[in-house]
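Hi everyone, thanks for making time for this. Let me put the structure up on the screen, and then we'll walk through a few parts of it together.

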Amino acid sequence: MFLGPILDDRPFLFVFSLELRKIMLKNILFAILLSLPVISHGQEVRGSFECSKARIAQFKDLGSPNARIAFPGDPNINVNYYGLDLEIVTNPKMLMGAATIKFQTLTANSASFQLDLHSNFLIDSLTLNGTKVSFTHQNNRITVPFSIATVALQSQEAIVYYRGVPPTGVIEEGIFFENEPNSNNPVVYTLSEPYGAISWFPCNDNPEDKADSCDVNITMNNYFIPVSNGKFLGASDVGNNKKRHKWSHKYPIAHYLISIAAANYDFKQTTWSYGDSIKMDVVDYLYQRSATNPAVLQEIQRTIQMLDIFSDHFGVYPFYKEKYGHAMFNFGGGMEHQTISSMGGFNETLIAHELAHQWYGDKVTCKTWQDIWVNEGFATYLEAIYLEDTYGRSTYDSDIDQNMTLAKDARGSIFVQNTNSINEIFNFQRTYAKGAVVLHMLRGVMGDEVFFKFMKEYANGEFAFGAASIEDVRKVAEQVSGLVLVDFFDQWLYKDGYPSYSINYSVSGKNAAIAISQSTLGGSTALFKMPMQIQVFFEDGSNEIQTILVDQKESQINLENLEKNIKEINFDPFNYILKNITVKATKTGVLATENGKNSKLVLYPNPSQDFIGVENYDLTNAYISNAVGQRLSVPIFSNKLDISKLPSAKYFLHLSDGDHSLVQSFIKL
Ligand SMILES: [Zn+2]
């Protein structure tokens, strides 16, 4: 989901070229975000931009113990199927439904099962496996006792017949009866994320419990063209100027990604071809005035290229046997309804963001709302990937720069602490901007090849068409990369803030001494442990890149005996780390660390073939890292390190006494 101002067809935008317009749209959002008052730590974070505030005001925070979050679904059932047969009347507003829910009971001898449906609805009757049964419906929850003892993994089928006026102005609001902007044309649409599904159908209100498929039948006045997930199976007249429209989706789907959008749409269709065998419909359901807007049409045709780019990187578009498309609705921004994103307007990065969710959010869904990063951080990062593939690395870099600026204003951890608040879950600086920057940093740590392998494996491996937590992402990242990422995830996902580095260095011929002092900003995290690339420029104009681990408050790094005379050093040259940094260079001389410790290690022999030793240092906590910053463990014998098994290369020896580290380069012959 991405909620922002509707900017699709404001007339003043026509005077600009499309490219300018793209930059402007981004900058408008950026300017709005930057103009917000600075929020100090501990103060509740309110609204990342204006219309997001409007939505939050509309949904409200949870206030009572009866609120939705008190019932995070029924953990003892596993839903297999939702079949929704809905009749929607707009004047007066009314929804009548028959919802078929197929599920399994996970435990034997369950006394009852629960479904979630807003108490505004009256339930006329409820059947279980074809028999009418008694039930209670209180505080937005239906409880149905089992009259026959259940066994584990037993299949059940409940049908709930219900009707009523859907609730408005509450956190569970999920279906909206409105008019198109600046017109009297009626529209009805749903936006269920995170807690709104219960305001239009009975469900197990838990994003982890995905159904294997769903069918949505919508009966409405002939004026409306309703669209839902998956394939359109046709429409039939049912009398009284009404039609019944049938949609069917045969892929696993989280309850909050089931959607309806209905308006007097203009319909456009094109075909996406991929590889030798894939041909898929790409459809757009547009408000009539947008359907004739050339800027809108120009933007939506980019969808085809985006499908190619994301399929190349992350595996083929997940729902290629059915469709992808957009249906306009009234929220600024968009919502990644499975196979049919709802859109408040069209601009390049918004289209990319919602499409990206089809892999990250829909194919793999957040296990809980605390894990929303696995949806929003990924989709926001994929905007940058789209920009990189389309316009080049510098456009990627400037997108990341903007996210970094916003990420520095993030307060609290990306892992959502308070899911009672919509604004906490969808906090822009934290969930989106910092969330995307974390993936950028992971790319820096892993390198491009391994990073893209990880992204693909995560979307196509164990969690494909399922649900994943932040921990699950870490496990896949570790499996694919072979790296230990506990510290990385701990500091960037579960803690807050970012590091600030103050660097002093001096060069002398082929040697350099670097002192890095770390403090932290924007949170209470005491220390960040990050690999940092350093780019050494030589006097002859050439350069080389090494990666050093900066994992202490004070680090002293000595580069010894490089091949050529050093001119200067650039730190984190590709801006992979979310940080503040100041660098001071002095011409010559070896620096002392701030606590006055001896900053020079006498390491012998260097270069060496089999062993290296250090004078006057205890090597108990010593380790070696290679040029890409990976920690290597080598045997230590009588205060000497056995490097005989290491390939010939340049390495760093790290010594630490708690807050300080001393790092010395050496060469293995
Ligand atoms: Zn999103």
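Let's start with a pair of helices. In this predicted model, helix 5 and helix 11 are roughly perpendicular to each other, because their axes cross at roughly 95° and angles from 65 to 115 degrees count that way. You'll find helix 5 at residues 303-314 and helix 11 at residues 448-460, and their axes come within 8 Å.

So who touches whom? On the helix 5 side, look for Asp312, His313 and Phe314. Helix 11 brings Phe452, Met455, Lys456, Ala459 and Asn460 to the contact. Sort those residues by character and you get four nonpolar, two polar and two charged.

Next, please scroll to helix 7, residues 373-391. How far apart should its ends be? At 1.5 Å a residue, its 19 residues should span 27 Å, and the end C-alpha atoms are 26 Å apart, which agrees. Is helix 7 mostly covered or open? It is mostly covered, with 16 of the 19 residues buried. Just after helix 7 comes Gly392, which takes a positive phi of about 105°.

Last stop, a sheet. Three strands form an open sheet in the order 3-7-6, with antiparallel pairing. Strand 3 (112-116) and strand 6 (136-138) are the edge strands, each pairing on one side only. From one strand to the next, the twist averages 20°. Zoom in on strand 3 and strand 7 (residues 141-145): five bridges join this antiparallel pair. There you can spot Asp116 standing opposite Arg141 of strand 7.

That's my tour, thanks for listening!

Technical notes: Residues numbered from 1 in each chain as written. Predicted model: local features only at pLDDT ≥ 70, side-chain atom pairs only at ≥ 80, totals over all residues. Heavy atoms only, no water. Helix = DSSP H or I, 4+ residues; strand = E, 2+ residues; numbered from the N terminus. Expected span 1.5 Å × (residues − 1). Buried < 20%, exposed > 50% of the residue type's maximum accessible area, 1.4 Å probe, protein only. Axes fitted to C-alpha atoms, helices over the stretch in contact; angles between N-to-C directions. Parallel < 35°, antiparallel > 145°, perpendicular 65-115°, else oblique. Contact = heavy atoms within 4.5 Å. Nonpolar A, V, L, I, M, F, W, Y, C, P; charged D, E, K, R; others polar. Pairing = 2+ DSSP bridges.
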